[in-house]
Amino acid sequence: MLRVENLVKSFDGERRRRRAAATGATDRVFAVNDVSFTVPEGDMFTLLGPSGCGKTTTLRSIAGLERPDSGTIEVGGRALFRSLEGQRVLSVSANERGLGMVFQSYAIWPHMSVFDNVAFPLQVRRRGQRPSKREIGERVGRVLATMELDALAGRQATKLSGGQQQRLALARALVIEPPLLLLDEPLSNLDAKLRESLRYELKRLQRELGITSVYVTHDQTEALVLSSSVAVMRDGNIIQLGKPREIYQKPNSRFVAEFIGTSNFIPAKVEARDGERYTVNALDGPLALNSTADIAVGADVIVSIRPEAVEVGTVPRTGEALNEWKGTVLTRAFLGEAVDHVVRVGEREIRARGNPSVSIRPGTDVFVRLDPDQLSLVPVD
Amino acid sequence: MSTASPVVTANRSAPLTPRRRWWPTPKLIIIIAVAGAIGYLALVPLYYLLWGTFFDASGFTLGGFATAYGDSRIGSLIGNSLWFAAGSAVLSLVVGTSLAYLNVRTDVPFKALFFAASIIPLIIPGILYTISWIFLASPDIGLINKALEPVFGPAAVDIFTIWGMIWVEGLHLSPIVFLLMVAAFRSMDPSLEESALMCGASRLQVFRKITVPLTRPAIVAAVLVMAVRSLESFEVPALLGLQNGIYVFTSRIYFVLRSYPPDLAAAGALALGLLVLAVLGVAISNLVGRAGKSFQTVTGKGFRPRPMELGKWRPVMGAAIVCYFLLTVAAPLVVLLYTSLLKFYQAPSMAALRSMSLDNYVELLGLSQAATALRNSLFLGVATATLVMAVMAIAAWITVRSRIPGRQLIDQFAFVPLVIPGLVLGLALSFVYLRSPIPIYGTIFILLIAYVTRYMPYGMRYSVTSMQQIATELEESAQVSGASWWQTFRRVLLPLLAPGLLAGWIYILVVSFRELSSSILLYSPGNEVLSILIFEQYENGQFTVLAALGVVMVLTLVVLVTVAYKLGAKVGLREN
């Protein structure tokens with residue numbers, strides 16, 4: 001549906017702007033540096049990353065608001081941007097791409113009513129393609145009803161609440177029934193409670209309409225809840241691309257593991273390998289785990305594990321003592337829906353998160369167990 | 001509650017301190033002095049203006065109105081005034097807005113020229129600007145006419161017409177519109193335009209349906225403010241209009257006062273008419289401004305939008321920018337410099353170039369008036385700027401921070417002079433101090449009072465804006481640390497306010513330095529300022545000496561502003 005290939009976008013660096021062409025040296029900052037991905041029909045694809053990672057520039061390049069240096073952008077087989085040997089050969093302007101977009105600020109036009117905001121994309125079409133007044137009325141009415149805004153059609157757009165404005169922006173983007181919907185941090189301007197409810201609302205709508213979407217956010221929970229697949233970006237590159245569960249449970253780098261949730265990082269050395277079954281030697285004993293990463297025997301690695309995949313108990317598991325270490329509880333913290341224990345194992349501190357019914361007094365000797373399926377191997381940076 | 005009451009009574013029954021006599025604190029004295037000064041400066045001239053217009057030796061009279069408005073030419077006077085004001089406002093709006101849009105939203109070349117074109121005309125005083133245009137486009141001696149003569153015959157353009165007046169005033173105002181509209185375009189969330197693009201609208205549709213409606217409040221306000229400023233303008237109508245008897249309010253007031261015997265009541269009646277028009281304009285623009293507030297929207301993360309590519313229009317627009325720069329900045333300055341080097345004004349030729357010398361500057365050195373005028377202008381500029389900013393800093397504290405009842409009144413009084421045209425203020429002050437026993441009339445201090453009154457609103461605006469940017473906590477923590485009000489003000493607020501106050505100080509210095517319309521009615525021999533001296537020399541036909549004086553004046557301003565900015569950099573004033 002959407003295909004982005006080798007997208008590159010650079011800006012003038014600060015240095016060049018100041019000391020102009022005197023030195024002649026180019027100082028380019030690469031906002032997007034060779035990014036490629038495809039989004040299948042009906043999917044919700046998320047670009048996730050910290051600010052300045054290039055996610056918004058990528059989205060704006062797809063929208064046509066930013067002109068890339070090189071690369072290819074295609075939507076539904078129609079080329080929107082193409083370059084050949086670094087030269088632009090095709091660049092469809094933003095107003096002719098026919099895509100829908102929701103801006104971070106919603107960009108609701110304050111001088112128009114709710115109805116006029118939504119009718120605008122239909123009204124500005126070229127004569128000949130422009131629907132009749134009656135049809136515009138019907139189509140706007142239909143999309144407003146989907147968004148449950150039909151009762152507010154005549155109202156001034158600025159008189160809406162935050163959540164209503166967000167739905168209005170969505171209605172305006174959807175009224176032309178675009179092949180692709182672009183969402184630029186659409187929830188970041190809302191307060192926490194509203195954000196949570198709209199998150200599910202957005203997911204439901206996207207499913208029901210089956211519209212292919214690209215979603216930009218820096219909020220990892222949003223990305224995990226909403227997406228069919230997630231691309232984690234840093235410094236203009238996609239670091240990891242995968243299903244939300246893969247990204248969360250099997251981060252391929254320390255950056256991804258740290259950016260999404262909290263993790264325990266344990267330095268280790270690969271001791272043996274049998275296909276995807278690895279045995280590594282950590283400071284406090286051997287660990288068995290499964291990983292798709294390709295790392296040679298003898299290499300230094302970091303083992304990453306989520307706190308909720310660490311189990312704490314006062315008695316050792318009967319039978320095999322695989323991935324089980326002895327330690328002492330240092331501190332515990334009651335979080336409401338969970339209890340965190342920080343356990344000292346040798347020189348190391350390991351954080352475990354578990355059911356609030358299990359609460360162990362600090363100073364108690366315990367056993368920590370690391371689930372082999374939830375351990376992931378991360379190369380040393 | 002039952003346990004609380006005995007405690008209270010116990011406290012009350014044991015007097016810890018004897019009841020002291022009430023004594024005004026320094027804070028109260030300062031506040032009362034500032035409020036009193038502002039009220040006096042704003043209201044007394046208006047009162048005397050009314051009194052001088054409606055009362056003569058025999059009591060209440062409408063004689064002034066009868067003479068002023070019974071005149072058969074009153075129709076054309078009002079017509080000319082409105083036409084001149086509307087024409088200049090529209091011209092400045094069209095030029096200023098197009099330039100602002102090109103600068104903010106497109107990839108137009110020569111963006112550096114915009115800065116020069118928007119700042120330099122603010123430094124060139126209106127009187128010099130007008131005289132430069134006389135040198136350029138007068139039917140007899142104008143350089144443009146000389147250049148066009150072979151093609152279009154003699155006197156192709158005539159600056160001494162209402163069109164000439166509109167042209168000069170409109171161009172001189174256009175940088176202000178440019179600055180206002182740049183701010184308006186910048187403060188608009190760019191995603192409002194981008195989302196329209198995403199909806200399939202063409203650039204033209206975006207401009208018509210989104211950009212213009214959204215900036216309409218700013219546009220309307222700019223038009224009204226410029227119209228009011230043109231109405232109040234004195235230099236252009238006096239130098240260009242009087243020649244052919246094209247009168248507007250300001251030039252008519254001046255004419256009435258300069259004829260013998262001066263009819264003060266009639267001048268007052270005209271001044272009141274002008275005042276009413278100015279108040280109307282300002283009131284409407286305030287209303288529009290308030291309505292515009294509802295348009296303010298949440299702005300996103302301020303992604304700089306990709307500038308619109310002009311494509312094949314880029315060279316055309318570039319040429320237009322260069323033309324604008326040449327017309328508004330280069331031509332007036334160059335013609336002034338050129339004239340200042342000549343023995344008598346003439347079109348450029350080999351003979352003219354050969355006769356060039358610094359004689360005019362030498363003559364200036366020998367002219368005692370010139371030295372006096374420069375000294376007076378410097379004194380007035382520095383004194384006005386310092387006084388205004390010092391008083392307005394305290395006034396701003398009163399209106400922004402204090403809880404004193406009636407503090408809004410101080411704010412409103414401080415803005416009253418904004419609607420009083422300079423010439424009207426001059427007239428009003430002469431009414432006041434001709435009758436006052438205080439021997440101020442005929443001294444330089446009456447000019448100081450006039451300037452302080454005129455520029456009070458600007459000082460207030462600068463101070464209030466910077467005061468609002470300082471968090472209340474900073475002040476409160478000083479109080480909690482045990483500082484008195486005055487210590488807090490001096491040690492915490494003033495240093496934080498310094499950049500804003502200094503910016504205001506520079507602005508007021510520049511505008512006082514070139515003030516003409518109030519001074520023209522208030523100066524007396526020996527108390528001339530530079531602009532008055534230039535005006536006199538123009539009337540005497542001493543064009544070349546005048547041009548030399550003009551060059552000196554512009555250079556002085558440039559030096560003053562540069563030094564002030566350099567000093568400002570030390571206290572953390574950011575240039576923007």
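Which residue stands opposite A:Phe45 in β10(A)? The exercises below lead to this and further points. The model is predicted, and local features need pLDDT of at least 70, side-chain atom pairs count only at pLDDT 80 or more, while totals for chains, interfaces and linings use all residues. Residues are numbered from 1 along each chain as its sequence is written, and chains are lettered from A and ligands numbered from 1 in the order in which they are written.

**Exercise 1. Describe the surroundings and partners of strand β3 of chain A.**

Step 1. Strands (E, at least two residues) and helices (H or I, at least four) are DSSP runs, numbered from the N terminus. A residue is buried if 20 or more other C-beta atoms lie within 10 Å of its own, exposed if 12 or fewer, and partly exposed in between, with C-beta atoms placed from the backbone.

Step 2. Strand β3(A) covers residues 44–48, and five of its five residues are buried, so the strand is largely enclosed by the rest of the structure.

Step 3. In a regular strand the side chains alternate between the two faces of the sheet. Here A:Met44, A:Thr46 and A:Leu48 point one way, while A:Phe45 and A:Leu47 point the other way.

Step 4. Two strands pair if DSSP finds at least two bridges between them. β3(A) pairs in the parallel sense with β9(A) (residues 212–217) over five bridges, and A:Leu47 has A:Val216 as its bridge partner there.

Step 5. With β10(A) (residues 229–234), β3(A) pairs in the parallel sense over four bridges. The residue opposite A:Phe45 is A:Ser229, which settles the opening question.

**Exercise 2. State which strands pair with β1 of chain A, and in what sense.**

Step 1. Strand β1(A) (residues 2–12) is joined by five bridges to β4(A) (residues 70–75), and the two run antiparallel. In this pair, A:Val4 stands opposite A:Ile73.

Step 2. Nine bridges link β1(A) with β2(A) (residues 28–39), again in the antiparallel sense. Here A:Lys9 faces A:Val32.

**Exercise 3. Decide whether A:Tyr106 and A:Glu177 are buried or exposed.**

Step 1. Most residues other than glycine have a negative phi, and most peptide bonds are trans. A:Tyr106, however, has a positive phi of about 70°, and the phi of A:Glu177 is near 50°.

Step 2. A:Tyr106 is found in the loop between β7 (100–102) and α3 (114–123) of chain A. This tyrosine has 27 C-beta neighbours inside 10 Å and therefore counts as buried.

Step 3. A:Glu177 is placed in the loop between α5 (162–174) and β8 (180–184) of chain A. Because A:Glu177 has 11 C-beta neighbours inside 10 Å, this residue counts as exposed.

**Exercise 4. Describe how domain 1 and domain 2 of chain B touch.**

Step 1. Domain bounds come from an automatic or database domain assignment. For chain B this gives domain 1 (35–53 + 358–576) and domain 2 (77–246 + 309–356).

Step 2. Two residues are in contact if their C-beta atoms, placed from the backbone, lie within 7 Å. In chain B, 26 residues of domain 1 are in contact with 19 residues of domain 2.

Step 3. On the side of domain 1 of chain B that touches domain 2 of chain B, the largest share, 12 residues, comes from α25(B).
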